[in-house]
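Let's take a friendly walk through this two-chain entry together. Have the viewer at hand and follow along from one heading to the next.

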Amino acid sequence: MMQDCVEDSSQDPLSTVPVADPAPATMDTKVEKKKPNENVSLADNSLLVDISDALSEKEKVKFTVHTKTTLPEFQKSEFIVVRQHEEFVWLHDRYEENEEYAGYIIPPAPPRPDFDASREKLQRLGEGEGALTREEFLKMKEELEDEYLATFKKTVAMHEVFLQRLAAHPVFRRDSHLRVFLEYEQDLCAKPRGKMDLIGGLVRSMTTTTDEIYLGATVRDVNDFFEQETSFLQEYYSHLKEAVAKVDRMTSKHKEVADAHIKLSSCITQLATREQPPMERFLTKASETFDKCRKIEGRMASDQDLKLADTLRYYMRDAHAAKAVLVRRLRCLAAYEAANRNLEKARAKNKDVHAAEQGQAEACAKFEQLSARAREELIDFRTRRVAAFRKSLIELAELEIKHARSQQELFRKSLQVLRECQ
Amino acid sequence: MSAGPDTPPFSTVDINNDSRDDEDIFASAVQEVSLDPEVNGAREGLEKVSIDDTPASISTSLNSPVMEEIATERSNNIIITVTEPQKIGEGMSSYVAYRVFTKTNMPIFSKHEFAVLRRFSDFLGLHEKLTEKYLRSGRIIPPAPEKSIVGTTKLKMTSTPSTENVNGSVSSAGVQSQFVERRRAALERFLNRVAQHPVLSIDPDFREFLESGMDLPKATSTSALSGAGMLRLFNKVGETVNKITYRMDEADPWFEERALRVETLEACLRRLGGACEALAGERRELAVRTHDAARAHASLSGADPHAPLSRALSHVADLHEKIENLRLEQSNTDFFILSEHIKDYLGLIGSIKDVFHERVKVFQNWQHAQMQLTKRRENKAKAELSNRPDKAEQAANEIVEWETKVERNQQEFDSISRVIKKEIERWEEIRVDELRATLLHYLEEHMKHQAQAIRYWDAFLPEARAIK
């Protein structure tokens, strides 16, 4: 049974991870992770994969993939390679196109590292520098750097989880492409996606969708279970997508609310400098309160992002992968039905009957096998989903309560101090 | 109507009231304090004063130093609330009436509690009267709320009664009721400030405004588009030019320093106000987006066949709707408590600048009189030299005339300077206290909001745990 490793705390991008030499001015960041993910519950630790290091330079992120294994298929027991995002996508595509895995939900490829938003914000901050005081500017810069770091840690986590799901899977872990990915020291032949590749990808995804529609229309499904699953997944996927979009908008606005406190704080400080000592103390303390408040609000926003949005996002992608299984199954069914028709024709003409019989038997076996596997996968998907949501929602609630309590306590203490300020 | 500032009948009376010495905040601005101890009892004594027990000396002129000292040393026991804005009539002739409820122990009022209905132009009319009467003597007149043609027209043209909005979601009705609420709060602040002012609070027009059950004569001259409005506009332009072009030769460093301080304070407050409004706006937008997220979760819940998860998602949706309202309330706190306070003070600073400018005008008068006097003296000298006794006599008469004017103008200038200093000192103390109170109130409200957030999430947690 595959274990979904996305929600454990060591995946928490905001958990304290030692950061080596952040040089945010040039957006080159290294993140070191000390220990491999231990939440992979396997009977054995025969294949452990983690991303021990990551370096971001300009357009590219380089992930250091670290493997520790006891499996004989590998040449060494512990080794490291450096991979870029495109090579992860290459690996994912190899699984997708492998017919043996047709009935399986392939772990979705990690999303492309996207620092555009952060970079844009930093640039805008630089341009608007004149309008801000030195203090405001530094605080905003600090916020943006934190945001960038969080995005970075998240992308590392997503790439790591992808590999770990593969490594933990009893069938996927044996794949030769995975071995190559983990071991082969040279660059894989995956080139950065040029325009043609992107268009190719677009065309591919378009054909998948038309496949869905076409097949759905012409091939009647023999099984109620799959009928239900198909309509459920269609609907669920689109709702998930919607929910992700809305939660993202909400959390980004929440961050802006947090940032708005910076200006408030700074103006109160300015006011303080023009006042007599008692009032000055009062206002300075008030300003500090707002500053602390801002930090807590920021944490509230990022925890919502982490626990709610990311969970939704992950399952959205998983739902998409599950839909792909259904499409593959339908294709297989279409092939099965074609083999049936072929056999009928052969019997009618009494020509190549044996070959047709064999073809039909193979198609049937393939279809049955795929269906059985798919059914298991889809049921498992539901169980995983429910468990993951439960975990995330509980953690979200606990975190939000924690933060709200801190805020409350902050205000309470501040009020106490401020009232004494005479 | 307005008594001259130059009648201090009690200025030679000795005071013996020691309890006030350490509270004499006017020490820096005032040369002499005079008070009849029988008139000014202790603070607590005010409650025991019955309606008929009007001290005789209160019948002196409004601007005498006695009056000022009596009233400035303790806050007036009067609270005014402005409530129940109601739209009267329909279409362009409609207007909003406010209920003005006063609760007071002050002897000049005939009852302890009373209420009247007033419309916005009544408030403006009162403000104008007070300005006419007291600005010249150096009083800071609390600002009246701004006229808003757009806001008012919208109000007139909506067919639904614009009373308090029940749910807080942002909608055009919500924005409308926000407008009414802001105006109501501003009117209330205006009246209470007047009520706390030692001199303005006992003005008969103010009293009539609060007490008189009859409708006040319609203050048409306050309408922005009236003839008087146009005239005001022209005058304002002229004044602005005057403010820019006339450079007063400031002999008193106190005024120069204060004027500068007021300017920098204004700049600071403006920035703070901007930051606060920005925060309020972001929070309001956050509430809208929270609403969207709630809806999305509700749809998701509907699509999920696994009952416990579906229930939990539905709870997430509910939770977010509650959070949406909470965020709106937080935004309102930002807005109504902090932001409006700042706007209020910016308005007051405007009044202060007005009063400074009045002093400049008084100075101008004085200088003008001075110049006229010098000219007449020259005329007389010339006439004497050219041996024109008739002209010399005429000039001598004029000299006497102008000497009187110069003296009177100088006294006016001294008086207004003195009064302004007192007003400013009073204002400085109030300002600090009010800012303190506002910030404390603001933090208290936000603390309550967090408590509410905790309650909501606490209620949700068991639902999340119940997912199987």
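## Helices and strands

How many helices and strands does chain B have? Chain B has 10 helices and three strands. Please keep in mind throughout that this is a predicted model. From the N terminus on, the order of elements in chain B is α-α-β-β-β-α-α-α-α-α-α-α-α.

Chain A comes to eight helices and four strands. Read along its sequence, the pattern is β-β-β-β-α-α-α-α-α-α-α-α. As for burial, chain A has 422 residues, of which 51% are buried. In chain B, with 468 residues, the buried part is 46%.

## The largest nonpolar core

A useful place to look next is the inside. In soluble globular proteins, nonpolar side chains tend to be buried together. Here the largest nonpolar core has 127 residues, and the members that touch the most other members are A:Y236, A:L240, A:L264, A:L283 and A:L312. Both chains feed this core: on the chain A side, α6 (224–273), α7 and α8 (353–420) each supply at least two residues, and on the chain B side, α8 (253–303), α9 (307–385) and α10 (389–465) each do so too. The largest share, 24 residues, comes from α7(A).

One buried residue to pick out in chain B is B:Y442, which is found in helix α10. B:Y442 counts as buried because its relative accessibility is 0%, and the cut-off for buried is under 20%. If you would like a distance to check in the viewer, try B:Y442 and B:Y134: they are 308 residues apart along the chain, and their C-alpha atoms are separated by 34 Å.

## Salt bridges within and between chains

Over all chains, the structure holds 76 salt bridges. Within chain A, A:R313 pairs with A:D248, with 2.8 Å between the closest N and O atoms. A:R313 sits in helix α7 and A:D248 in helix α6 of chain A, so this salt bridge ties together parts that are 65 residues apart in sequence. Are the two partners buried or partly exposed? A:R313 is buried, at 14% relative accessible area, whereas A:D248 is partly exposed, at 26%.

Another pair, B:D458 and A:R405, forms a salt bridge with its closest N and O atoms 3.7 Å apart. This one crosses between chains, going from helix α10 of chain B, where B:D458 lies, to helix α8 of chain A, where A:R405 lies. B:D458 is partly exposed, at 33% relative accessibility, and A:R405 is partly exposed at 45%.

## A network in chain B

In chain B, the side chains of B:E340 and B:K343 meet in a salt bridge, with an N to O distance of 3.0 Å. Why are these two separated by about one helical turn? The reason is that B:E340 and B:K343 are three residues apart in helix α9 of chain B. B:E340 is buried at 5% relative accessibility, while B:K343 is partly exposed at 31%.

This pair belongs to one network, in which salt bridges that share partners join B:R182, B:R189, B:R193, B:E277, B:E340, B:K343, B:D344 and B:E434.

## The end of α7 and the loop after it

Back in chain A, a surface patch of positive charge gathers A:R341, A:K345, A:K349 and A:K351. Of these, A:K345 lies in helix α7 (residues 277–349).

The loop between α7 and α8 of chain A holds A:N350, and A:D352 has its place there as well. Their backbone angles deserve a look. Most residues other than glycine have a negative phi. A:N350 is not a glycine, yet its phi is positive, at about 55°. A:D352, which is not a glycine either, also has a positive phi of about 55°. Are these loop residues buried or exposed? A:N350 counts as exposed because its relative accessibility is 65%, and exposed means over 50%. A:D352 counts as exposed too, at 57%.

Notes: Residues are numbered from 1 along each chain as its sequence is written. Chains are lettered from A and ligands numbered from 1 in the order in which they are written. This is a predicted model: local features need pLDDT of at least 70, side-chain atom pairs count only at pLDDT 80 or more; totals for chains, interfaces and linings use all residues. Side-chain values use heavy atoms; hydrogens and water are left out. Patches are made of residues with over 30% relative accessible area and no salt bridge: like charges are joined within 9 Å, nonpolar side chains (Val, Leu, Ile, Met, Phe, Trp, Tyr) within 5 Å. Accessible areas come from the Shrake-Rupley method with a 1.4 Å probe; for residues, only the protein chains shown count as cover. A salt bridge is a side-chain nitrogen of Lys or Arg within 4 Å of a carboxyl oxygen of Asp or Glu. Lys and Arg count as positive and Asp and Glu as negative; His and the chain ends are not counted. The place of a charge is taken as NZ of Lys, CZ of Arg, CG of Asp or CD of Glu. A nonpolar core is a set of buried Ala, Val, Leu, Ile, Met, Phe, Trp, Tyr and Cys residues joined through side-chain atoms within 4.5 Å. Buried means under 20% relative accessible area, exposed over 50%, partly exposed in between (1.4 Å probe, protein chains only).
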